[in-house]
Amino acid sequence: MNHRLLIGAFDKIDLPEFELYDLDCKIDTGAYTSAIHCHRVCLIEAPGGQRLLSFHLLDPAHPQYNDHEYRTAHFYEKKVTSSSGHSEYRFVIQTKAVLFGRPFDIEFTLADREQMRYPILLGRKFLKKYHFLVDVNQKNLSFQQKKQ
């Protein structure tokens, strides 16, 4: 059996490429993809004709909001269906997430999560890829380990 990392229903995650640390996240085995809250998402053309995705992470009311415009050439678009059956196209970006002191490659769909309590959702695709085992009775296991 592969080594499994135990994670609770909620935790805090670091996104070093965006200089964002200890962000609240919800672990959601019902969601296939992982998502991060963003706004002002648009495609732009860089010099030389390269298409870039421009976006701002988090909500302006979030304590770590920095109004920074992030840009990436590494993105794609996919159709996502919510638990209520509503489908929409979202952009997907790739980055590194740090949990339990380890960096993990992760894909996030850029989503409007303004009405949600947690700006980040970790979905089944990520959890399965890295062999996480979810204990819904636990929370902040990675964050507790980080504080030690």
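**Figure 1. Cysteines of the predicted model.** Zero disulfides are counted in this structure, a disulfide being a pair of cysteine sulfur atoms within 2.5 Å. Cys25 takes part in no disulfide, and the nearest cysteine sulfur, that of Cys38, lies 17 Å away. With a relative accessibility of 0%, Cys25 counts as buried; the terms used here are buried for under 20% relative accessible area, exposed for over 50%, and partly exposed in between (1.4 Å probe, protein chains only). Cys42 is likewise in no disulfide, and the nearest cysteine sulfur to Cys42 is that of Cys38, at 11 Å. Cys42 is partly exposed at 36% relative accessibility. The model is predicted, so that local features need pLDDT of at least 70 and side-chain atom pairs count only at pLDDT 80 or more, while totals for chains, interfaces and linings use all residues. Residues are numbered from 1 along each chain as its sequence is written, and side-chain values use heavy atoms, with hydrogens and water left out.

**Figure 2. The salt bridge between Lys146 and Asp22.** Side chains of opposite charge can pair when their charged atoms come close. A salt bridge is defined as a side-chain nitrogen of Lys or Arg within 4 Å of a carboxyl oxygen of Asp or Glu, and the count by this rule is eight. In one of them, the closest N and O atoms of Lys146 and Asp22 are 2.6 Å apart. This pair links distant parts of the chain, with Lys146 in helix H2 (residues 141-147) and Asp22 in strand E3 (residues 20-27), 124 residues apart. Helices (H or I, at least four residues) and strands (E, at least two) are DSSP runs, numbered from the N terminus. Lys146 is partly exposed, at 44% relative accessible area, and Asp22 is partly exposed at 29%.

**Figure 3. The salt bridge between Asp67 and Arg40.** The closest N and O atoms of this pair are 2.9 Å apart. Asp67 lies in the loop between strand E5 (51-57) and strand E6 (70-72), and Arg40 in strand E4 (residues 34-45), so the salt bridge ties together parts that are 27 residues apart in sequence. Asp67 has a relative accessible area of 41% and is partly exposed; Arg40, at 48%, is also partly exposed. The backbone of Arg40 has a phi near 50 degrees, a positive value in a residue other than glycine.

**Figure 4. The salt bridge between Asp105 and Lys96, and a network of charged residues.** The closest N and O atoms of Asp105 and Lys96 are 2.4 Å apart. Asp105 is partly exposed at 39% relative accessibility, and Lys96 is partly exposed at 34%. Elsewhere, Asp14, Asp22 and Lys146 are joined into one network by salt bridges that share partners.

**Figure 5. The largest nonpolar core and the surroundings of Leu122.** In soluble globular proteins, nonpolar side chains tend to be buried together. A nonpolar core is a set of buried Ala, Val, Leu, Ile, Met, Phe, Trp, Tyr and Cys residues joined through side-chain atoms within 4.5 Å. The largest has 34 residues, of which Leu15, Leu57, Leu99, Ile120, Leu122, Phe126 and Phe132 touch the most other members. Leaving aside residues up to four places away in sequence, the contacts of Leu122 (heavy atoms within 4.5 Å) include Ile13, Cys25, Ile27, Leu99, Ile106, Phe108 and Leu127. Lys26, Asp28 and Ser34 are also among the residues that Leu122 touches.

**Figure 6. The backbone at His131.** His131 has a positive phi of about 60 degrees although it is not a glycine. The loop between helix H1 (124-129) and strand E11 (132-135) holds this residue. His131 is partly exposed, at 28% relative accessibility.
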